[in-house]
Amino acid sequence: MTGTLYIRGHSPLHRIPAGIKLAALCLFGLALFALDNWIVMGLAAAVSLGLLASTGIDPAQARRQLTGPFIIVAFLMAATALLVDPLLGLAVGLRLMALLVAGYAVTLTTPVSAMLEVIERLFSPLDRIGLVSSAKIALSVSLVFRFIPVLIDQARVIREAQAARGMEKNILALLVPLIVHVLRSADDIAAAIDARGYPPAHGANRGNAHEHT
Amino acid sequence: MNTRDIVLIALFAAITVALGLAPRIPVAFLPVPITLQSLGPMLAGAMIGPVRGALAHVLVVLLVALGLPVLAGGSGGLGMLAGPTAGFIFGWIIAAFVTGLLCRTWTVSGKARPSKWADVGLTFIACVIGGIVVLYACGALWLAFVAGLGLAKAVSGVAVFIPGDLVKAAFAALIAHNVRRAYPIELK
């Protein structure tokens, strides 16, 4: 994994608060699905591309991210145009393009921490009534980051040991020992987290570690 | 939801992400390469159970939304959650849940402990129903909606990927069986 998709910058889109960008993106998406006119979709796609260009992204990087989805969109556009209606196909293709590009532009200009803050704020009513815990969400996000390099390293170690014994590449022989290994370490990690009294008990900063079952 | 549950959820989210990093297999006539990533929901459901498996994939969706390149080929971001394949990404949550539910009903809480091949076979069927039937239903419904294609055409469009996913379901069943034997975990 190569960092995040966010790029540093000072474009107008960078300066808008994350919450407003996300709300605008939702409204944009809803509006696009409420309409079926290809001219409106074309305008929306043009606006999205303009926004993307305004972020100052390296075009090569944008191409890397968008080529795959665009191939699928082109495929769908052709299918809808041929099988249903040419103008509807055009509207479908432009709508998906607009959504993909606008979403990408927001992602490019919003740091992960700001996005996480918005999501925590969205969950805060549920947090208050005890349905979800922001601390647990934050803990699991950071655990994923910790596990990915462990998985990759361990896969390499197992693969090298097997190659040294003359074993062919085999997905089963790789994944079974890999998953057993990380499951064993999961228990140690859970014990270590509990020993540090994390995540904090609901709504408290008192450092008591009693609410862990 | 104790700490061990959170660690297992994060671990299986990380496994789905790591499977997306594995080399992709390009297929000549398909517009998208086949990836190992859809193995993730099957494995999570079959190994940690319906609720934790589903939550692991809620976490993956959250990581995509945060703008992390966690999908196959290093893609991610909000655009992917509204794009043509969004139904499959959200569908992972339901796929893991159904796979886990079936595995728990059939293989673990069954009266007699199933023999080796019965366990592999039942896990395989659970993976096919959860990780293929349910997942493709989600993917095709979204595709039919965004492309205005109608459900039948959308289903036939995604059906070309089913043979590859049947192979993945077989791998998932074998992996889950062998891991369960070495390290049994209660499915929940």
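With a relative accessible area of just 4%, B:Asp5 counts as buried (buried means under 20%, exposed over 50% and partly exposed in between, with a 1.4 Å probe and protein chains only). This is a predicted model, in which local features need pLDDT of at least 70, side-chain atom pairs count only at pLDDT 80 or more, and totals for chains, interfaces and linings use all residues. Residues are numbered from 1 along each chain as its sequence is written, chains are lettered from A and ligands numbered from 1 in the order in which they are written, and side-chain values use heavy atoms, with hydrogens and water left out.

B:Asp5 has a partner: its side chain meets that of B:Arg52 in a salt bridge, at 2.8 Å from N to O. A salt bridge here is a side-chain nitrogen of Lys or Arg within 4 Å of a carboxyl oxygen of Asp or Glu. B:Asp5 sits in helix α1 of chain B and B:Arg52 in helix α3 of chain B, so the pair ties together parts that are 47 residues apart in sequence. Helices in this account are DSSP runs (H or I, at least four residues; strands would be E, at least two), numbered from the N terminus. B:Arg52 is buried as well, at 3% relative accessibility. The story doesn't stop at two residues, since salt bridges with shared partners join B:Asp5, B:Arg52 and B:Lys188 into one network.

Over all chains, the structure holds seven salt bridges. One of them links A:Asp187 and B:Arg4, whose side chains meet at 2.5 Å, N to O. That pair crosses between chains, running from helix α8 of chain A, where A:Asp187 lies, to helix α1 (residues 3-21) of chain B, home of B:Arg4. A:Asp187 has 27% relative accessibility and so counts as partly exposed; B:Arg4, at 29%, is partly exposed too.

Another salt bridge stays inside a single helix. A:Arg156 pairs with A:Glu160, and their closest N and O atoms are 3.5 Å apart. Both belong to helix α7 of chain A, four residues apart, which is about one turn of the helix. A:Arg156 is partly exposed at 44% relative accessibility, and A:Glu160 is partly exposed with 48%.

Next comes the way helices pack. In chain A, helix α7 (residues 134-164) and helix α8 (residues 171-195) have axes that come within 10 Å and cross at roughly 140°. Axes are lines fitted to C-alpha atoms, for helices over the stretch in contact, and angles between N-to-C directions run from 0 to 180 degrees. α7(A) and α8(A) are therefore oblique to each other; under 35 degrees would count as roughly parallel, over 145 as roughly antiparallel, 65 to 115 as roughly perpendicular, and the rest is oblique. The crossing of α7(A) and α8(A) is right-handed, meaning that the near helix is turned clockwise from the far one by less than a right angle, whereas anticlockwise would be left-handed.

Chain B offers an oblique pair of its own. Its helices α5 (residues 116-147) and α6 (residues 151-158) pack at about 125°, with axes 8 Å apart, which makes α5(B) oblique to α6(B). α5(B) passes α6(B) in a right-handed crossing. Helix α2 (residues 39-48) of chain B packs against α3(B) at an angle of about 150°, their axes 7 Å apart. That makes α2(B) roughly antiparallel to α3(B), and α2(B) passes α3(B) in a right-handed crossing.

Helix α3 of chain B turns up again at the surface. B:Met1, B:Val51, B:Leu55, B:Val58, B:Phe97 and B:Leu101 form a nonpolar patch there, with about 460 Å² of accessible area together. Patches are made of residues with over 30% relative accessible area and no salt bridge; like charges are joined within 9 Å and nonpolar side chains (Val, Leu, Ile, Met, Phe, Trp, Tyr) within 5 Å. The areas come from the Shrake-Rupley method with a 1.4 Å probe, and for residues only the protein chains shown count as cover. α3 (50-66) and α4 (86-108) of chain B are the elements that give two or more residues to the patch, and the largest share, three residues, comes from α3(B). B:Leu55 is found in helix α3 of chain B and is partly exposed at 34% relative accessibility.
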